[in-house]
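The following questions and answers go through one protein model, from its strands to its cores and its confidence scores.

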Amino acid sequence: MHEKMFLQVLSFAGCIAMLCSCTPVSPTQPPDANDSPSSISTEASNVASVTIDDIISTQIPPQFAGMEVIEDTSLVDWGIYPFPENMISLSDAIVYGTVTDKQYINFSEDAWTEFHFTVEQTLQGNVSTDAALTIYSSGGYITQYDQFTAQGMRERITDRTDAQLQNTIVHQHANYHFDPLVEKKYILFLTQTDSDSILPQDTYQIVGAKYCQLCETAPDTFSYIAFGPDPENPDAVFSPDDPVVQITRREMESLVSTESENTKRKVLS
């Protein structure tokens with residue numbers, strides 16, 4: 001069973017407040033230079049355009065082409081509304097940089113995705129610039145052979161050969177659970193691996209699975225999927241017709257600074 005480290009839920013009012021505070025902006029609108037925090041990088045990003053369709057792509061990875069793929073959303077689920085204000089308070093580090101590669105692995109019967117990430121700016125935490133991080137996110141692809149073997153059930157499966165099981169892939173994920181794109185730039189919210197974790201030491205895990213990843217869809221403008229409860233339909237999940245929230249890097253840095261000050265006040269009080 002995956003480590004469900006973050007079972008904190010925002011109220012509906014808090015979610016609406018977040019949506020109101022992060023008003024969508026035009027991808028071509030330049031940030032206002034007058035409201036820049038002192039920590040902002042002075043060089044504009046030279047990022048290639050990324051579309052929302054790119055972000056929410058659900059295409060099967062090429063290495064699994066021609067295999068049977070079973071969708072399994074039963075193991076990866078999160079009791080958290082992944083808005084930036086919530087993610088900031090749960091993060092050991094918030095970093096901006098580039099996803100350089102990814103691979104799908106498994107620990108026992110659970111699928112994970114391993115990312116390599118080059119840091120270009122640290123918005124929160126003690127991660128150095130140019131650091132090469134190894135980051136894990138819960139969910140991914142695992143063969144039925146590996147899954148049944150880890151569960152101690154392989155010998156009970158008598159109607160399928162090892163080859164058939166190895167050619168059947170289980171996609172473990174939450175609904176609308178999107179992988180970060182390789183060679184694209186993101187702001188990621190991370191927690192450092194605990195000493196008793198199943199994950200390798202000196203690595204990080206993406207907070208709130210992959211939901212609150214901020215993809216740079218235009219220079220210094222980031223887009224993320226606006227998950228949240230619907231008062232008329234509490235069980236509703238994101239659909240591609242829902243609005244995508246956009247935020248500039250300056251706005252994100254300002255939000256991080258504000259939340260950090262709020263945390264300090266709570267500690268002192």
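Q: In what order do the three strands of the open sheet stand?
A: This is a predicted model. The pairing in this open sheet is mixed, and neighbouring strands are turned by 30 degrees against each other on average, direction ignored. The three strands stand in the order β1-β6-β5.

Q: Why is one side of β1 and of β5 left without a neighbour in the sheet?
A: β1 covers residues 68-72 and β5 covers 140-143. One side of each lacks a neighbour in the sheet because both strands stand at the edges, each with a single partner strand.

Q: Which residue of β6 is the bridge partner of T143?
A: β5 pairs with β6, residues 168-172, over four bridges. The sense of this pairing is antiparallel. Within β6, the bridge partner of T143 is I169.

Q: Which residues touch the most other members of the largest nonpolar core?
A: This core has 23 residues. The elements giving two or more residues to it are β2 (93-107), β3 (110-124), β4 (132-138), β7 (185-192) and β8 (204-206). The residues that touch the most other members are F117, V127, L133, I135 and L190.

Q: Which residues does V127 touch, not counting those up to four places away in sequence?
A: V127 belongs to the largest nonpolar core. With residues up to four places away in sequence left out, V127 touches A93, V95, V119, T122, L133 and Y204.

Q: How many residues does the second, separate core have?
A: Among the members of this core are L90, I187, F189 and V245. The second core is separate and has 17 residues.

Q: Which residue of β10 stands opposite C215?
A: β9 spans residues 214-218, and five of its five residues are buried. On one side, β9 pairs with β7 in the antiparallel sense over two bridges, with Y186 opposite C215. Three bridges join β9 to β10, residues 221-225, and these two strands also run antiparallel. In β10, the residue opposite C215 is S223.

Q: What is the phi of D220 in the turn between β9 and β10?
A: β9 and β10 form a hairpin with two residues between them. D220 lies in the turn, and its phi is positive, at about 65 degrees.

Q: Over which residues is the pLDDT below 50?
A: The protein chain averages a pLDDT of 76, and 68% of the residues score at least 70. The stretch with pLDDT below 50 has 86 contacts in the model beyond near neighbours in sequence. That stretch is residues 1-42.

Technical notes. Residues numbered from 1 in each chain as written. Predicted model: local features only at pLDDT ≥ 70, side-chain atom pairs only at ≥ 80, totals over all residues. Heavy atoms only, no water. pLDDT = per-residue confidence, 0-100. Contact = heavy atoms within 4.5 Å. Pairing = 2+ DSSP bridges. Axes fitted to C-alpha atoms, helices over the stretch in contact; angles between N-to-C directions. Core = buried A, V, L, I, M, F, W, Y, C linked by side-chain atoms within 4.5 Å. Buried < 20%, exposed > 50% of the residue type's maximum accessible area, 1.4 Å probe, protein only.
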